[in-house]
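Reader: I'm new to this one, so could you walk me through how its labels are earned?

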Amino acid sequence: MRTPLAALFVISALAFLRSSPCASSQAGGAAPLSDRTQACLSCHTIYTQGIVADWEQSRHARSSVRQALSRPEKERRVSVQAPEEAGVAYPDVAVGCAECHLLDPKLHEDTFSHNGYEVHVVVSPPDCAHCHPVEQEQYLAANKMSRAHGNLAANPVYRDLAEAVAGVRRAGNGDLRSSGGREAAPYESCFACHGTRVAVLGTRKIDARTESVEVPDLSGWPNTGAGRVNPDGSLGACSACHPRHCFSMAAAREPRTCARCHEGPDVPAWNVYENSKHGVLSSASREASAMDVVPWKLGRDFRAPTCAVCHASLIVDTEGAVVLKRTHGFGDRLWVRLFGLVYSHPQPLEPDTTRIRNATGQPLPVTLQGEPAAAFLIPPEEQSRRRRSMMTLCEGCHGTQWTTLHFGQFAATLENVDTAVRQGTALMQRAWAEGWAAPESLFDEALERLWTEQWLLCANGIRYTSAMAGAPDHAAFRGGWWGLSGSLVRLREAVEHGRRTAR
């Protein structure tokens, strides 16, 4: 039950929450709080003031599911059709602490008893799906991000790359030998974006000012990676894009949110966007942009596209006609994959890429010679459909000729880059074939690192610059063609030196 100290603050805490500007801004008044959420706030307004303040600024704090469903369909932020059908137990109260953290306690391995309630720590996509079922289904069914943990951890080639990034190597006897991984390093590097596997190890006591509280002891936590494996067995973290506990749509639409993971040098989408015409215009017109409006109107609510405009949001024209539907399958408008191993290639058919095998049996979407694993990739007609949907959006601001020529130039650039990368791969394969580089790992020797930099760092800068009509220097001297051609020269010299030494 409530602690005596917390009980002293119940009335003042609730008065603060209900009198805030956010709470009073909704027409018709804010939705009432449930008794369970009031019980949570009676303590957490004292102990976690920042969390409460963040939630208090959210739509959740002042809206019920029934109020959300009263909006016109295009303006809705929920996809449930009727709250009772989706199992929303309290459709007429605000979405508070209890409405998320007390849902389906038996399904959550991290559920623990706390002040008379069964609470789980990790709010997962199935919890959010009580109100947002379509978004969850799209995220899981058609989005590689939802499988990001497994696609990295269960693919031996990708896992080897992660080990090359964050693994421990110790110098001795003129050699570098692996001595196991750093426990925290993967959590703060590769798996910070791909998502950890959150597991319950038992319980532990923490000091909460006036008392000790026994809570689940979690490994892989905290984490908001896009492909996080949750204690209830579900995949993903809505908070990867919608920050807790405000879950702001405006924050999710902010390009900097995407930059947390899509930033160079390996995935330089943000770096290219920031200095592109789109990025400059978006930044210059930010104060005049309606970042929280649903739906987004071309030419009215934003002057230049953000990541969300192109890849996720519901976009309508000035008459309200739909240009692109909202999607949480973030590959729905993508026909070509720009990064990965080793060349550009069509998007995978399924979000689980661990099933892919190329013609040589490797778990990769292309062979090292550049042959796509076509059976596991979207067919040409689907590529055309997705490309056409993106072109339709571009044509909302650009002329047909500009758009057509841009997309044609992009296709030519991908072909040029892939051809250049193949030259480096041929040199690397010669080194493996002649025995003075070991092919068991593709990333642990100096030659292999030089080859990897070609496609993982330099080539990606060129590809993204072309795709996004971005900052030209990323295609020229900031990695780009200068780095790609320079590393090819160094790789050739190293290969020739190795051959001479081997003789």
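Author: Sure, starting with Ala284, which sits in helix α17 (residues 277-284); helices are DSSP runs of H or I with at least four residues, strands are E runs of at least two, and both are numbered from the N terminus. This is a predicted model, where local features need pLDDT of at least 70, side-chain atom pairs count only at pLDDT 80 or more, and totals for chains, interfaces and linings use all residues. Residues are numbered from 1 along each chain as its sequence is written, and side-chain values use heavy atoms, with hydrogens and water left out.

Reader: Why is Ala284 called exposed?

Author: Its relative accessible area is 66%, and exposed means over 50% (buried is under 20%, partly exposed in between, with a 1.4 Å probe and protein chains only). So Ala284 counts as exposed.

Reader: What makes Cys193 and Cys261 a disulfide?

Author: Their sulfur atoms are 2.3 Å apart, and a disulfide is a pair of cysteine sulfur atoms within 2.5 Å. The pair links distant parts of the chain, 68 residues apart, with Cys193 in helix α13 and Cys261 in the loop between α15 and α16.

Reader: Why is Cys193 called partly exposed?

Author: Because its relative accessibility is 22%, Cys193 counts as partly exposed. Cys261 gets that label too, at 28%.

Reader: How do you know that Cys238 is in no disulfide?

Author: The nearest cysteine sulfur, that of Cys128, is 3.7 Å away from it, and the cut-off is 2.5 Å.

Reader: What makes β5 and β6 a pair?

Author: They have 9 bridges in the antiparallel sense, and pairing takes at least two bridges found by DSSP.
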